[in-house]
Amino acid sequence: MQVSGRLTEIVDSQGFSVFVPFSDTYLLEKREMTRFEIRLDDGRTISAQQRKHIYATMRDISDYTGYTPEQVKALLKYDFIAKTGSDYFSLSDCDMTTANEFLNYLIDFCLEQDIPTLDSLLERSPDISRYLYSCLANKRCALCGKKSELHHSDHVGSGRNRKEIMHLGMRAEALCRIHHTECHNTGQQTFDNKHHIYGIKLDKYLCEILKFKWR
Ligand SMILES: [Zn+2]
Ligand SMILES: [Zn+2]
C-alpha cells in the first residue's frame with residue numbers, strides 16, 4: 001500500500017513529522033500497524049550520471065539476453081513498476097529517488113541472472129550496502145562479478161570450524177578466489193580501503209542461503 005503525506009514539523013537535528021491523510025484508520029488499528037517506511041522526494045530530477053549508469057546496465061542486459069535495448073527498457077520498467085508499485089516514469093525526467101531505485105533494481109537483476117557487465121557494478125551502484133548485500137545473497141564477487149567465496153571480515157579466532165563461525169551478526173564479504181586471496185595477502189583494512197568496500201552483517205536470510213549452498 002502506498003500513501004503520501006506532507007511535512008508538518010522539523011525537530012532540529014533529530015527528525016521530522018509527517019501527516020498522512022488516511023480515512024481508513026480502523027485498518028491501522030486492527031492490523032496494529034505502527035511502523036512505516038518513508039520515501040523522501042526532494043524534487044530533484046534524474047542526474048546525467050544516474051541516466052548513464054541506467055543505460056549502461058540496460059545495454060549489458062541487452063547484449064547478454066539478445067533483446068534489443070528498447071525491449072529491455074520496456075520489459076524491465078514494467079516489471080519494476082509491478083514489483084514496487086511505482087508510478088509510470090520516464091528516464092528523461094523522473095525524480096532522483098526513482099532513478100536510484102530503478103538502478104538498484106537493474107543491478108540486482110544482473111546479479112540474480114548472472115549477467116556480465118562491462119565495468120564493475122560497484123562503480124554504478126547508488127547504494128553500496130545494498131549492493132554488497134546482494135553480492136552475498138547471489139554469491140557474486142563484489143569487485144568483479146565472478147562466482148564468489150564467503151570471506152569473514154570480522155576477526156575469527158583459531159580453532160573454530162567453518163560451520164560454527166557462519167552465524168548471525170558476523171560481517172562478511174563476497175569475493176572470488178583471486179580477490180579473496182588478495183584480501184588475505186594485503187590485510188582487511190588495506191583491502192577495504194583500496195576497493196571501497198566493507199563487510200556486511202549476516203542476517204537470518206543470508207545465513208539461511210549460505211549455510212546450505214556456499215561452497
Ligand atoms: Zn577469507
Ligand atoms: Zn573478484
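Here are legends for four close-up views of this predicted model. Residues are counted from 1 along each chain as its sequence is written, while chains are lettered from A and ligands numbered from 1 in the order in which they are written. Local features need pLDDT of at least 70, side-chain atom pairs count only at pLDDT 80 or more, totals for chains, interfaces and linings use all residues, and side-chain values use heavy atoms, with hydrogens and water left out.

**View 1. Four residues hold the zinc ion (ligand 2).** Cys 141 (SG), Cys 144 (SG), Cys 176 (SG) and His 179 (ND1) coordinate this ion at 2.1 to 2.3 Å; donors are N, O and S atoms within 2.8 Å of the metal (3.2 Å for Na, K and Ca), and sites may look incomplete because water is not among the atoms. The arrangement is tetrahedral because the four donor atoms subtend angles of 102 to 120° (four donors get that label if all angles lie between 85 and 135 degrees). Along the chain, the donor spacing reads C-x2-C-x31-C-x2-H. Two distant parts of the chain get linked here: Cys 141 sits in the loop between helix 6 (128–138) and strand 3 (149–152), and Cys 176, 35 residues apart from it, in the loop between strand 4 (171–175) and helix 8 (177–186). Helices (H or I, at least four residues) and strands (E, at least two) are DSSP runs, numbered from the N terminus.

**View 2. Three histidines hold the zinc ion (ligand 1).** His 151 (ND1), His 180 (NE2) and His 184 (NE2) do the job at 2.0 to 2.1 Å. Their spacing in sequence is H-x28-H-x3-H. His 151 in strand 3 and His 184 in helix 8 are 33 residues apart, so this pair also links distant parts of the chain. With a relative accessible area of 4%, His 151 is buried, whereas His 184, at 54%, is exposed. Buried means under 20% relative accessible area, exposed over 50%, and partly exposed in between (1.4 Å probe, protein chains only).

**View 3. Thr 57 is tucked into helix 2 (residues 48–65).** Its relative accessibility is 0%, so Thr 57 counts as buried. A polar atom of its side chain lies 2.7 Å from the backbone oxygen of His 53. Beyond four places in sequence, Thr 57 touches Leu 103, Leu 106, Cys 110 and Arg 124 (contact means heavy atoms within 4.5 Å).

**View 4. Pro 116 lies in the loop between helix 4 (96–113) and helix 5 (121–124).** At 52% relative accessibility, Pro 116 counts as exposed. Leaving aside neighbours within four places in sequence, Pro 116 is in contact with Asp 60 and Tyr 64.

Terms used: A polar contact is a pair of N or O atoms within 3.5 Å; within protein, one must be able to donate a hydrogen and the other to accept it, and residues adjacent in sequence count only if both atoms are side-chain atoms. Four donors count as tetrahedral if all angles lie between 85 and 135 degrees; four count as square planar and six as octahedral if opposite donors are over 155 degrees apart and all others between 65 and 115; anything else is irregular.
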